[in-house]
Amino acid sequence: MLVSSARRRAGRRRHAHHLLAAGSAIIALTAVAGLGVALTAHSQIAARLIALGMVAGAVTLLAGMLMLPGAADTGATALQHLLDGLAIAGSVWFLGWALVAAPTRILGALTPYPCWMLLLPLGVAVLALGLTTMVSVRMPRPRGGSAGVGAGITAAALAGAGISGGVCLEWSGVVLASALLLPAGLTVIAIAARATDREPEPAEVDTTRRGAAVVFLPMVVLTGAATYQTLRTGSIGTVGAAAGCLVLVALVGRQYLALRDVRRGAERLREREAHFRGLAHTDPLTGLANRRGMLRVLHHEVFSGDGEKEPCVLLGIDMDGFKSVNDLRGHDVGDRVLMEVGGRLRMHLRPGDAVARLGGDEFAVLLWAGEDEAEKIALRLLDALAAPYEQVFLSASIGMAAARSAGDVETLMRNADLALRYAKARGKSRVERYRPAYDHLLRRRTTLEHELRGAIERDEMRVVFQPVVALPSARPVGAETLLRWTHPELGSVGPDEFIPAAEESGLISKLGRWVLDQACRRLAAWLRDGHDVWVSVNVSPRELHAPDYVGQVAEALNAHRVPPQRLVLEVTEHAVATDLDELCRRLRALRDTGVRIALDDFGAGYSSLGQLRDLPVDILKIDRKLVVASEPLVDVVVRLGHRLGLEVLAEGISAPAHLAVVEASGCRFGQGFLFGGGVPAEHLEAQLRAASPAHRVPAAAGHGRRAISAGQIAPAVDGDGSSG
């Protein structure tokens, strides 16, 4: 497009030079030929020939001037300049006529009455003056070259009028002066035309912004001349009427073109306004509506006050774990995932429903349906959004709020957001309807996040340890470190409540660092007392992916002089779904420090057998749901783990029947309420002392994938048998 535009401008410039050269040649040849005829024939015939030739040459020159770059970019602009020039020319011409003709006769006896052909080239000269004035006023800078061309054309046209008039009246002095002026004018045209080639390309001409006041000049001049003529003669005469009609036609035509430009400008303005309004209400990444667009739909279609409307429900959607995708895979991958999310939402909605991206990984969907039907649609959306994205596994949480539960747009958005937050707090990957009780939960969640910031400093946090036992002897061989919080006003706050709050508020790293230090401190004390025991610590995905986490673990081990093989770090199976390649790199870096890795909650998440083969883990912890519900699956997992060289630990053993299932499968380690919940360090130490020394096994130093003896592991489970 830029190349074609440059070629078009170069073509116009070339045509302009051709016209200027042709016009100059016509005028020069006309002058030479006319003067030659005047010397050998009747002066009146020569004058007419010179007048016609000068008019033809001047018109050609004016056409060339209008084609110069910046003078008139379009035919409409050229026509506007021409009409303005005609208006100026008509008024000036009539003023000259009123002064030169009777009764004023400012020239007296020299008034050229016999030479009516003089009027034609003189009129063209006046037109050149008016046209040059308009081009010079309206053309954007640089305009020196075009103004010079116009001045040269005006001088050449005046010289032509002078030569034809001088020949007609046989005024040799006028002919001589005009003959000297003519080559000067043509020389100015040539020099100025070449100067335009060296000037930078001017901006586009806008006839509505410059020289608008000039159009009043012809009316002022015409009115003054008509008044003068009427006062002197009693009428304006035929010439005055003709001049007035010419100026009036030119001005009316000019105003028509101006009105057309205004209409076109208004249309372009409406189109641009619609375009920018669309941009203002559209998300540029996904092409969906943005928050402003969704608010507009809610205001106009749901809460417009036009009477009762059909039921509608607003869904708030958030992608679980999306921040990890940006952090680990980069924002390019994250953007492609968001575009795919937008496409899936569009694909699974009905005509009339509205979908928007509110920001980040948060979306909203307006469904024209009752709550029961909307919940069915939300569940379908949940399944659609859970499909893999470029080897990235994500789930979604959805909060629902019916329009009838809110009195305005802001309340409806807030209710949907509350339901969404509750869905995420209850485990994510679920649909939750808004309930008024969520307002209380929100206030409590806000209070928790505020109070959590100083909980460690106020000595409200404590760690407890849940024993891990060897089977079938039930002798304690390790412990999982669990975090507990007791607030003076809120009371006992469970991990399932304050851990998500800590992750969302960014406090999880601080809590994790403190728990790791406390676990290593207690483990060091037990090892100094001669207990053959391991301690495990749970690691959140956000901690695991922190750049300095490996250094924190090594620092804690060195500070308390704990053998790294005695520390087990547990990652949940859900962390595997975030980014398998990055997770493997992080886990290998941790194993290089000597610590052992346990995969927690196996069987409840997303791990496949291929992923399990690639993961650098040492211990497989069977989720308590498998232990409680399925004896065959427990047997399969235990055999699979042993075949892969992993030690297997069953968690959630809370009844003798569970223990029988686990022992029958050949699993050598267990954890659950049947062996005790989370207890203070002193209580666990008493259990360790009560264990028979004869069963102790020397500590091992290796950390390869192999079977691990009872004295070589200390896996981890929450107080209720789940990860804490």
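These legends accompany close-up views of a predicted model of one protein chain.

**View 1. The whole chain holds 25 helices and 14 strands.** The chain has 724 residues, and buried residues make up 50% of them. Its accessible surface comes to about 33100 Å². Carbon and sulfur atoms account for 59% of that surface. Take the contacts between residues at least 6 apart in sequence: 74% of them join residues at least 24 apart.

**View 2. Five strands form an open sheet.** The strand order is 2-3-1-4-5, and the pairing is mixed. Strand 2 (354–359) and strand 5 (431–433) are the edge strands. Each of these two pairs on one side only. Neighbouring strands of the sheet are turned by 20° against each other on average, direction ignored. In general, strands of a sheet pair through backbone hydrogen bonds, either parallel or antiparallel.

**View 3. Strand 2 pairs with strand 3 in the antiparallel sense.** Strand 3 covers residues 362–367. The pairing runs over 5 bridges. Within it, A356 stands opposite A364 of strand 3.

**View 4. Helix 12 lies across four strands of the sheet, strands 1, 3, 4 and 5.** The helix spans residues 371–385. Strand 1 covers 313–320, and strand 4 covers 395–402. Helix 12 runs at about 165° to strand 4.

**View 5. The largest nonpolar core has 71 residues.** Those with the most contacts inside this core are M461, V553, L567, L569, L587 and L590. Helix 16 (residues 508–528) supplies the largest share, 9 residues. Another core, of 35 residues, lies apart from it. Its members include A47, M54, L62 and A159.

**View 6. M461 touches residues including L452, I456 and F498.** Residues up to four places away in sequence are not counted here. The other partners are A455, L483, R484, W485, L511 and W514.

**View 7. Helix 15 has P495, F498, A501 and A502 as its buried residues.** The helix runs through residues 495–505. These four buried residues cover an arc of only 145° around the axis, so they sit on the same side of helix 15. An α-helix has 3.6 residues a turn, so residues three or four places apart point the same way. What do the buried residues of helix 15 pack against? Their partners are helix 14 (437–452), strand 6 (461–470), strand 7 (475–487), strand 8 (491–493) and helix 16. G506 follows helix 15. The phi of G506 is positive, near 85°.

Notes. Residues are numbered from 1 along each chain as its sequence is written. This is a predicted model: local features need pLDDT of at least 70, side-chain atom pairs count only at pLDDT 80 or more; totals for chains, interfaces and linings use all residues. Side-chain values use heavy atoms; hydrogens and water are left out. Buried means under 20% relative accessible area, exposed over 50%, partly exposed in between (1.4 Å probe, protein chains only). Contact means heavy atoms within 4.5 Å. Accessible areas come from the Shrake-Rupley method with a 1.4 Å probe; for residues, only the protein chains shown count as cover. Two strands pair if DSSP finds at least two bridges between them. Axes are lines fitted to C-alpha atoms, for helices over the stretch in contact, and angles run from 0 to 180 degrees between N-to-C directions. A nonpolar core is a set of buried Ala, Val, Leu, Ile, Met, Phe, Trp, Tyr and Cys residues joined through side-chain atoms within 4.5 Å. The arc is that of the directions from the helix axis to the C-beta atoms.
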